[in-house]
Amino acid sequence: MADSPTEDQELTGALRALTSATGEVAAAQARQAATVEQVLDQVRRLRGEPGLMAALRHVYWQHPAVPSKPLAAAAQFRSPGDMVAALGPVPSGITCEGCGAELLRTSRSWTAPDRQHCGGLVLCRECRSRRSEALDRKWALDAVRRGHVQDAPVAARGRDWLVPVSLVLAYPPVAVDWNPETVEREGLWYGYDIAQQVQEVLAGFDHEDLVGVSVGQATRLLTVAQEVAAWDTARALDLVQGFTGEVPAAVLARLGKAVEVVRAQRKREAAEVYPDDWVPPASS
Ligand SMILES: [Zn+2]
């Protein structure tokens, strides 16, 4: 620490200077507060005069040291918000990268819109809302097109569908967390519920009947059935030989092809039924 007299004196000197500077700051602050009061007085004097709004606009935008709350009160506005609305916006010097219009500052606290939120662009309010409408429309378009494909029925004999159903149902899930979302995300057993649903549908048909299973369901069912068939081919054969003379892989491949044919056809169809300029029906 400061053990020599010289260092002691230097510290004392520095502290004295600090105290003095702090006093000056306090004095300057007091002077500033007094001058702010003077400005507010002038504004009060202008109440009802034609020059009030011009003066207010100047003070509000050019002199942020005058707080907006007492300023609004001095001009007899109920709130700073009311005052700012009456004053109107001012040019910000920043142009919209969408339409080229100059952005307007609507209040002292206004900041330019973050380009990160608008695809790397600084956009005005109108361009932002146009952009988000376009994104919403694209999202809705993708969703209806996807639905058109996923919901399409794939027709195949009941006997064929029974193959993936039997394979999947032979291995009940052991997952403790039976949440379809997690199960799917973690790539665990997500075909069992679909196998059950298809089994219920098949119960109403004969083996030779054509039965429609949606592209979405069939895709999942077949993915899991193929895994099961690959685990233990001998057991897989055992599971299906009671009702089919084919090996599981052959039936699964045939069903897979049928799914792909319908998927491709419905994809083309979806682009026609829901063209790029498709507008989602207005929800009430
Ligand atoms: Zn714009």
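The following paragraphs lead the reader through this structure, from its overall form to its individual parts.

The model is a predicted one. Its chain holds 11 helices and 4 strands. Taken along the principal axes, the C-alpha atoms occupy a box of roughly 100 × 70 × 30 Å. The radius of gyration of the chain is 37 Å, whereas a compact globule of 284 residues would have one near 19 Å. Of these 284 residues, 19% count as buried. Where contacts join residues at least 6 apart in sequence, 64% of them link residues at least 24 apart.

The chain is divided into three parts: domain 1 covers residues 24-88, domain 2 covers 90-123 and domain 3 covers 144-273. The centres of domain 1 and domain 2, taken over C-alpha atoms, are separated by 26 Å.

Helix H4, at residues 80-87, offers a starting point within domain 1. Its buried residues are Met-83, Val-84 and Leu-87. Viewed down the axis of H4, these residues fall within an arc of 95°, and they therefore line one face of the helix. A general property of the α-helix is relevant here: with 3.6 residues a turn, residues three or four places apart point the same way. The cover over the buried residues of H4 includes helix H2 (52-62) and helix H3 (68-74).

Ala-85 is also found in helix H4, but Ala-85 counts as partly exposed because it has 13 C-beta neighbours inside 10 Å, and 20 or more would be needed for a buried residue. The C-alpha atom of Ala-85 is separated by 8.0 Å from that of Thr-106, a residue 21 places away along the chain. After H4 comes Gly-88, which has a positive phi near 80°.

The loop between H3 and H4 contains Gln-76. This residue has a positive phi of about 65° although it is not a glycine. Gln-76 counts as partly exposed, because 13 C-beta neighbours lie inside 10 Å.

In domain 2, strand S1 (residues 90-95) and strand S2 (residues 102-105) run antiparallel and are joined by 3 bridges. Within this pairing, Pro-91 stands opposite Leu-104 in S2. The hairpin has 6 residues between the strands, and Gly-100 in the hairpin takes a positive phi near 85°.

The next topic is the nonpolar interior. In soluble globular proteins, nonpolar side chains tend to be buried together. The largest nonpolar core of this model has 29 residues, of which Leu-167, Val-168, Ala-218, Leu-221 and Ala-225 touch the most other members. The elements that give two or more residues to this core are helices H6 (158-169), H8 (192-202), H9 (215-231), H10 (233-240) and H11 (248-273), together with strand S4 (210-214). H9 provides the largest share of the core, 8 residues.

Val-168 shows how such a residue is surrounded. Apart from neighbours within four places in sequence, Val-168 is in contact with Gly-191, Tyr-192, Ala-195, Leu-221, Val-224, Ala-225 and Val-228. Two of these partners, Leu-221 and Ala-225, are also named among the core residues that touch the most other members.

A second, separate core has 11 residues, including Leu-71, Ala-74, Ala-75 and Val-84. Val-84 is one of the buried residues of helix H4, which returns the account to the helix discussed above.

Technical notes:
Residues are numbered from 1 along each chain as its sequence is written. A residue is buried if 20 or more other C-beta atoms lie within 10 Å of its own, exposed if 12 or fewer, and partly exposed in between; C-beta atoms are placed from the backbone. The arc is that of the directions from the helix axis to the C-beta atoms. Two residues are in contact if their C-beta atoms, placed from the backbone, lie within 7 Å. A nonpolar core is a set of buried Ala, Val, Leu, Ile, Met, Phe, Trp, Tyr and Cys residues joined through C-beta atoms within 7 Å. Domain bounds come from an automatic or database domain assignment. The radius of gyration is taken over C-alpha atoms; the globule rule is 2.2 Å times the number of residues to the power 0.38. Two strands pair if DSSP finds at least two bridges between them.
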